[in-house]
Amino acid sequence: MLDAETGSDGSGRGVLLRVAMGDGTAMEECIHRFSGLVWSIARRHCGAGPDTEDVVQEIFTELWKTAARFDERKGREETFVGFIARRRSIDWVRRQARKPQLAEMREGEDVPVQTGRRLDGERLRNLVGKLSSERRELFRLHFDIGLTHPEIARETGLPLGTVKTQIRRGLIEMRSLIQREEELR
């Protein structure tokens, strides 16, 4: 029987500890117990659109992966879950904020350039093609897929600082390529 006060199954262990230990019913209990909290945080940051369900799924997947990091001596399970939900929701909002610019490029519309002129999507892709293969891949992960720097680091196995530096250097190189192309026109 579930103890409503502690959220435990009577074993004295919280649901996140049991998730971390691989208890077969613990994740279902975690979803049941924290769904209201997770949904409210996701809606607050992401709105009530259809993508909110995807965000909630991402949040519970993250909880399943990181439950072992929860330390009951440092706080309550609700606080840990709320922190994960808030962070994942904000990450989603940031990814969405980057996507409209890329959608324009894919639809063949022009992309604004600092000079006040516009650069069409095909020319931009050609310039990205001049970057090293490593930078092109980082650009693809960041700008096309919308991964954050830490997510790219996990995906590629590169240190976070290297990911940030390579993307920044790639942007500087792109600016230089665009300026050179503009001067030749």
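## A walk through the helix packing

Let's start where helix 5 (residues 121-128) packs against helix 8 (residues 160-184): the angle is about 125 degrees, and the axes sit 10 Å apart. Keep in mind as you look around that this is a predicted model. Angles from 65 to 115 degrees would count as roughly perpendicular and those over 145 as roughly antiparallel, and helix 5 and helix 8 are therefore oblique to each other. Their crossing is right-handed.

Which residues do the touching here? On the helix 5 side you'll find Arg123, Leu124, Leu127 and Val128, and they meet Met174, Leu177, Ile178, Glu181 and Glu182 of helix 8. Sorted by class, this contact between helix 5 and helix 8 comes to six nonpolar and three charged residues, with no polar ones.

Now step back for a moment and take in the whole chain. It holds eight helices and two strands. Reading from the N terminus, the order of elements is α-α-α-α-β-β-α-α-α-α, so to speak a pair of strands with four helices on either side of it. Of the 185 residues in the protein chain, 37% are buried. If you look at contacts with a separation of 6 or more, 53% of them join residues that are 24 or more positions apart. As for the outside, the protein chain exposes about 11500 Å², and 51% of that comes from carbon and sulfur atoms.

Back to helix 8, which has another partner. Helix 7 (residues 149-156) crosses helix 8 at roughly 115 degrees, and the two axes come within 9 Å. That angle makes helix 7 roughly perpendicular to helix 8. The crossing of this pair is right-handed. From helix 7, His149, Pro150, Ile152, Ala153 and Thr156 take part, and what they meet in helix 8 is Leu160, Val163, Lys164 and Ile167. By class, that gives six nonpolar residues, two polar and one charged in the contact of helix 7 with helix 8.

While you're in this area, have a look at glycine 161, which is found in helix 8. Is it buried, partly exposed or exposed? With 43% relative accessibility, glycine 161 counts as partly exposed. Its C-alpha lies 8.9 Å from that of histidine 149, and 12 residues separate the two in sequence. Histidine 149, you may recall, is one of the helix 7 residues that meet helix 8.

Helix 7 also leads us to helix 6 (residues 133-145), where leucine 141 has its place. Leucine 141 has a relative accessible area of 3%, which means it is buried. What does leucine 141 contact, once neighbours within four places in sequence are set aside? The partners are Gly146, Leu147, Ile152, Glu155 and Thr156. Two of these names, Ile152 and Thr156, also turn up among the helix 7 residues that meet helix 8. Between the C-alpha atoms of leucine 141 and threonine 156 the separation is 9.6 Å, with their positions 15 residues apart along the chain.

Next, head over to the N-terminal part of the numbering, where helix 2 and helix 3 pack with their axes 9 Å apart, at an angle of about 135 degrees. That makes helix 2 oblique to helix 3. Here too you have a right-handed crossing. Helix 2 brings Met27, Cys30, Ile31, Phe34, Ser35, Val38, Trp39, Ala42, Arg43 and Cys46 to the contact, and these meet Thr52, Glu53, Val55, Val56, Ile59, Phe60, Leu63 and Trp64 of helix 3. The class count for helix 2 with helix 3 is 14 nonpolar, two polar and two charged residues.

Two more residues round off this part of the tour. Arginine 33 belongs to helix 2 (residues 26-46), and at 24% relative accessibility it counts as partly exposed; the limit for buried is under 20%. Arginine 33 is 45 residues away from glutamate 78 in sequence, yet their C-alpha atoms are 9.5 Å apart in space.

Threonine 66 lies in helix 3 (residues 51-66). Its relative accessibility is 8%, so threonine 66 counts as buried. Leaving out the neighbours within four places in sequence, you'll see threonine 66 in contact with Phe80 and Ile84.

Technical notes: Residues are numbered from 1 along each chain as its sequence is written. This is a predicted model: local features need pLDDT of at least 70, side-chain atom pairs count only at pLDDT 80 or more; totals for chains, interfaces and linings use all residues. Side-chain values use heavy atoms; hydrogens and water are left out. Axes are lines fitted to C-alpha atoms, for helices over the stretch in contact, and angles run from 0 to 180 degrees between N-to-C directions. Angles under 35 degrees count as roughly parallel, over 145 as roughly antiparallel, 65 to 115 as roughly perpendicular and the rest as oblique. A crossing is left-handed if the near helix is turned anticlockwise from the far one by less than a right angle, and right-handed if clockwise. Contact means heavy atoms within 4.5 Å. Ala, Val, Leu, Ile, Met, Phe, Trp, Tyr, Cys and Pro count as nonpolar, Asp, Glu, Lys and Arg as charged, and the others, Gly among them, as polar. Buried means under 20% relative accessible area, exposed over 50%, partly exposed in between (1.4 Å probe, protein chains only). Accessible areas come from the Shrake-Rupley method with a 1.4 Å probe; for residues, only the protein chains shown count as cover.
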